[in-house]
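Biologist: I am new to this model and would like a close look at one part of it, with its surroundings described in order.

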Amino acid sequence: MEMLDLSGKVHDEQRQGEAFSPTSSIEKTYQKHFYIESYGCAMNFSDSEVVASILQANGFGPTSQFEEADLVLVNTCSIREKAEQTIRKRLTEFRKAKESKKGMLVGVLGCMAERLKAKLLEEEKLVDLVVGPDAYRSLPLLIEEASTGQKAVNVLLSRDETYADIAPIRLDSNGVSAFVSIMRGCNNMCSFCVVPFTRGRERSRDAHSILAESIDLFEKGYKEITLLGQNVDSYYWVDEVNGITITFAALLEKIALISPLLRVRFSTSHPKDITDEVIHTIAKYQNICNYIHLPVQSGNNRILQLMNRTYTREWYLAKVKRIREFIPDCGISTDIIAGFCSETEAEHQETISIMNESVFDYGYMYFYSERPGTLAERRYTDDVPEDVKKRRLQEIVDTQYQLSLKSNQNDVGKTYRILIDGESKKDTNFWKGRNDQNKVAVFPKADLDLQMGNYVDVQIHSCTKGTLLGTAVPGTKH
Ligand code: SAH
Ligand code: SF4
Ligand code: F3S
């Protein structure tokens, strides 16, 4: 198993090939249609919404059936080898579809496009277009080139592209929650990570455009916004008109002030960068959710140093303590990598112990996958045998299961305000939503006249490790 999500929710990591279902009214207005499938992190899903906007402005309407599409796009992820393998398989299927539909173009977008560049066109002949994450504005031109049989590649990375002026088209939206990208790229050089190579240098998006997009979402009925960046705490934007500098804490505050009925979330925080100012801002505003995703990766100082994470075990634990001091009920989740280069059994045990000491509510856990071109690939040997990596991962997963279950059991008897974002998949007589701490709660619809996007108080009566089960309190809808 490559990745386990204990929370049972869609989180912002490694979603697998999701297409979207447009409304039929959009479809009929266009002569040409595109189909897009997205993999990887929330930023990729958010980018697909920018791509949809660019395509629609150029005469392409969306379709949810790839067989009907004139243009099939796959927005790809390179974070682990397994992710790339899955996408390659899918591309082979699209190539087959292409054989039976004359004129169909297949394009690769995103991180794999950036990593493999023209190789996908030349050596493997899998696709017609290859477009990197900073080159989506050139899509219309590239489509034209590809349709005349030319090689259409643009994988140039940019120092300033943020697509700030493009209004994303919300794909497959529940109308309640939306992602808003606040920055792109990453300047950290975690030795295991391919992102700095596929996404380029870090840059922050114009705060005015972030605010305008968020206000627009709220006016359209959205109730929850998740601000996205690989390292949101290093958000930094200077308003040159009045010389004001906007930090992440200031941005959070601006978004929170749009309305107390708009929930604000964000991801991802780097333990070295999250500031007291941010922690205080979360504590100050009721509508900034008490939930922080704070990837630890390892609990051992030697491994953390090899990973180039630039913090120690002690620093990390002090951050967790500080968060809990100011936001006592804060949900904290993490990412962990098992079996990084040269990790010993004792070092692995330190990862288990930091999990227990931090009492994580959820975890996203992976075994190490060497990525070409990264610092770790060039400097260290990927020497932990696969069976050892998998066994260590299982121990980490088992530890998190216990912590998640305990965390949910602690909530039994409490009442939480839930934002309804859908029906329970298992039983449509139940609503599903999340609490402030990002935990999923389900409860019977009963006869309470509730709908998607409503807030309601739910008293929790039982739980599993992934879900809280409860009953809505009558008269608490708003
Ligand atoms: N920017 C985020 C993480 C982005 S990648 C951060 O800094 O935390 C999401 C997660 O994938 C990482 O936190 C890490 O746990 C995992 N990951 C990244 N590269 C990996 C690799 N080569 N092998 C296994 N897991 C990896
Ligand atoms: Fe990768 Fe590290 Fe940047 Fe996260 S902070 S995207 S793990 S390099
Ligand atoms: Fe994957 Fe690229 Fe995101 S590598 S995790 S899609 S930034």
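Which of the 16 residues around ligand 1 come nearest to that ligand?

Modeller: Gln230, Pro295, Gln297, Asp335 and Ser369 come nearest, out of 16 residues around ligand 1, where a residue counts as near if one of its heavy atoms lies within 4 Å. The model is predicted, so local features need pLDDT of at least 70 and side-chain atom pairs pLDDT 80 or more, while totals for chains, interfaces and linings use all residues. Residues are numbered from 1 along each chain as its sequence is written, chains are lettered from A and ligands numbered from 1 in the order written, and side-chain values use heavy atoms, without hydrogens or water.

Two of the nearest residues also appear among the polar atom pairs of ligand 1. A polar side-chain atom of Gln230 is 2.8 Å from a nitrogen atom of ligand 1, and an N or O atom in the side chain of Asp335 is 2.6 Å from an oxygen atom of the ligand. Phe192 takes part through its backbone: an N or O atom there lies 3.0 Å from a nitrogen atom of ligand 1. Alone, ligand 1 would expose 540 Å², of which the protein buries 95% (Shrake-Rupley accessible area, 1.4 Å probe).

Gln230 and Phe192 lead on to ligand 2. Both belong to its surroundings, together with Cys186, Asn188, Cys190, Cys193, Val195, Pro196, His270 and Arg309. This shell comprises six nonpolar, three polar and one charged residues (Ala, Val, Leu, Ile, Met, Phe, Trp, Tyr, Cys and Pro are nonpolar, Asp, Glu, Lys and Arg charged, and the others, Gly among them, polar).

Gln230 is also one of the residues around ligand 3, as is Val195. The remaining members of that shell are Cys41, Asn44, Thr76, Cys77, Ser78, Ile79, Cys111 and Arg199. By class, the shell of ligand 3 has five nonpolar, four polar and one charged residues. Domain 1 (9-154) and domain 2 (177-403) each give at least three residues to the shell of ligand 3, with domain bounds taken from an automatic or database assignment.

A further domain, domain 3 (415-472), completes the division of the protein. The centres of domain 2 and domain 3, taken over C-alpha atoms, are 26 Å apart. Their contact (heavy atoms within 4.5 Å) takes 18 residues from domain 2 and 12 residues from domain 3. One salt bridge is counted between these domains (a side-chain nitrogen of Lys or Arg within 4 Å of a carboxyl oxygen of Asp or Glu). Arg434 and Glu224 form a salt bridge through their side chains, at 2.8 Å from N to O.

Key
Polar contact = N/O pair within 3.5 Å; in protein donor to acceptor, adjacent residues only side chain to side chain.
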